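Colleague: Before I rely on any label attached to this model, I would like to hear the reasoning behind each one. Could you take me through them?

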Amino acid sequence: MTTKILVPIADGIEMIEALSIVDVFRRAGAEVDLASVNDLVITSSHNVKITADKLIGECVEENYDLVALPGGIPGAENLKNSEILIEILRKQNAADKLYGAICASPAVVLEHHGLLEGKKATGHPLFAADLSNPADATLKVVMDKNCVTSRGAGTAVDFSLELLGIVMGEEKKREVAKGMVVELN
């Protein structure tokens, strides 16, 4: 069975965070839907054009092993305002399936919509005060139940590899990390 991942994007997202997730999972052989909540071509927070595979509306009926949100401002705000994306995230959480967010998105998207209730999380230091249950701020990646969060662009590869290990196993994580010349702890 193929592993299926959703990476939602929007105008103003942090490109490194979004594409790290896509790259790591595609290296591992997963099927990744890069889906825009705006138009098919979006502009990242640092003015890089990114072409999505599809629009978020095409993802509603899909079953994903993981939904992983990049951050960035105003990208996280744009993700937060997508009713379709929030429906997908709520369905993922209700099914006790994995979802995650990095940078501003843990606070701006997940916290805002009650998707961190009863869960420790981390995020970008500028948004940590907005988390109702912040984890140790020195941790790069925090997993609590079915939710994984991370701090920002500098932790994007760690975040992506941690998600890969959870979804596809530690052996696959080590294999992909080795190919990327990433040393694991």
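Modeller: What follows goes through the sheet, the burial labels, the salt bridges and a surface patch in turn.

Modeller: This is a predicted model, in which local features need pLDDT of at least 70 and side-chain atom pairs count only at pLDDT 80 or more, while totals for chains, interfaces and linings use all residues. Residues are numbered from 1 along each chain as its sequence is written, and side-chain values use heavy atoms, with hydrogens and water left out.

Colleague: What makes the strands an open sheet, and in which order do they lie?

Modeller: Strands are DSSP runs of E with at least two residues, and helices are runs of H or I with at least four, both numbered from the N terminus; two strands pair if DSSP finds at least two bridges between them. The open sheet has 7 strands in the order β5-β2-β1-β6-β7-β9-β8, with mixed pairing. Its edge strands are β5 (54-55) and β8 (141-144), each of which pairs on one side only.

Colleague: How do you know that β1 and β6 pair?

Modeller: β1 and β6 share 2 bridges in the parallel sense, and the definition asks for at least two, so they count as paired. Within that pairing, Ile5 has Leu66 in β6 as its bridge partner. β6 is also joined to β7, again in the parallel sense, by 4 bridges, with Leu69 standing opposite Ala101 in β7. On its other side, β7 (residues 98-102) runs parallel to β9 (residues 147-150) with 4 bridges between them, and there Gly100 is partnered by Val148.

Colleague: Which strands does helix α3 lie across, and how is the angle defined?

Modeller: Helix α3 (residues 83-94) lies across β1 (4-9), β6 (66-69) and β7, and runs at about 135° to β6. Axes are lines fitted to C-alpha atoms, for helices over the stretch in contact (heavy atoms within 4.5 Å), and angles run from 0 to 180 degrees between N-to-C directions.

Colleague: Why is Cys103 called buried?

Modeller: Buried means under 20% relative accessible area, exposed means over 50%, and partly exposed lies in between, computed with a 1.4 Å probe and protein chains only. Cys103 has a relative accessible area of 10%, and therefore counts as buried. It sits in the loop between β7 and α4 (105-111), and its contacts, not counting residues up to four places away in sequence, include Glu17, His124 and Arg151.

Colleague: Why does His113 get that label too?

Modeller: The relative accessible area of His113 is 19%, so this residue is also buried. His113 is found in the loop between α4 and β8 and, leaving aside neighbours within four places in sequence, is in contact with Lys80, Ile86 and Arg90.

Colleague: What makes Lys4 and Glu31 a salt bridge?

Modeller: A salt bridge is a side-chain nitrogen of Lys or Arg within 4 Å of a carboxyl oxygen of Asp or Glu. The closest N and O atoms of Lys4 and Glu31 are 2.6 Å apart, so the pair meets the definition. The two residues come from distant parts of the chain, Lys4 in strand β1 and Glu31 in strand β2, 27 residues apart. Lys4 counts as buried because its relative accessibility is 12%, whereas Glu31, at 36%, counts as partly exposed.

Colleague: How do you know that Asp33 and Lys4 form one as well?

Modeller: Their closest N and O atoms are 3.8 Å apart, which is within 4 Å and therefore satisfies the definition. Asp33 lies in strand β2 and Lys4 in strand β1, so the pair ties together parts that are 29 residues apart in sequence. Both Asp33 and Lys4 are buried.

Colleague: How many salt bridges are found in the whole structure?

Modeller: A search of the whole structure finds 12. One of them joins the side chains of Arg26 and Asp53 at 2.8 Å, N to O. Arg26 is in helix α1 (residues 15-27) and Asp53 in the loop between β4 (49-51) and β5, 27 residues apart. Salt bridges that share partners also join Lys4, Glu31, Asp33, Lys54 and Glu62 into one network.

Colleague: Why is Leu40 called partly exposed?

Modeller: Its relative accessibility is 40%, so Leu40 falls between the two limits and counts as partly exposed. Leu40 lies in the loop between β2 (31-36) and β3 (41-43).
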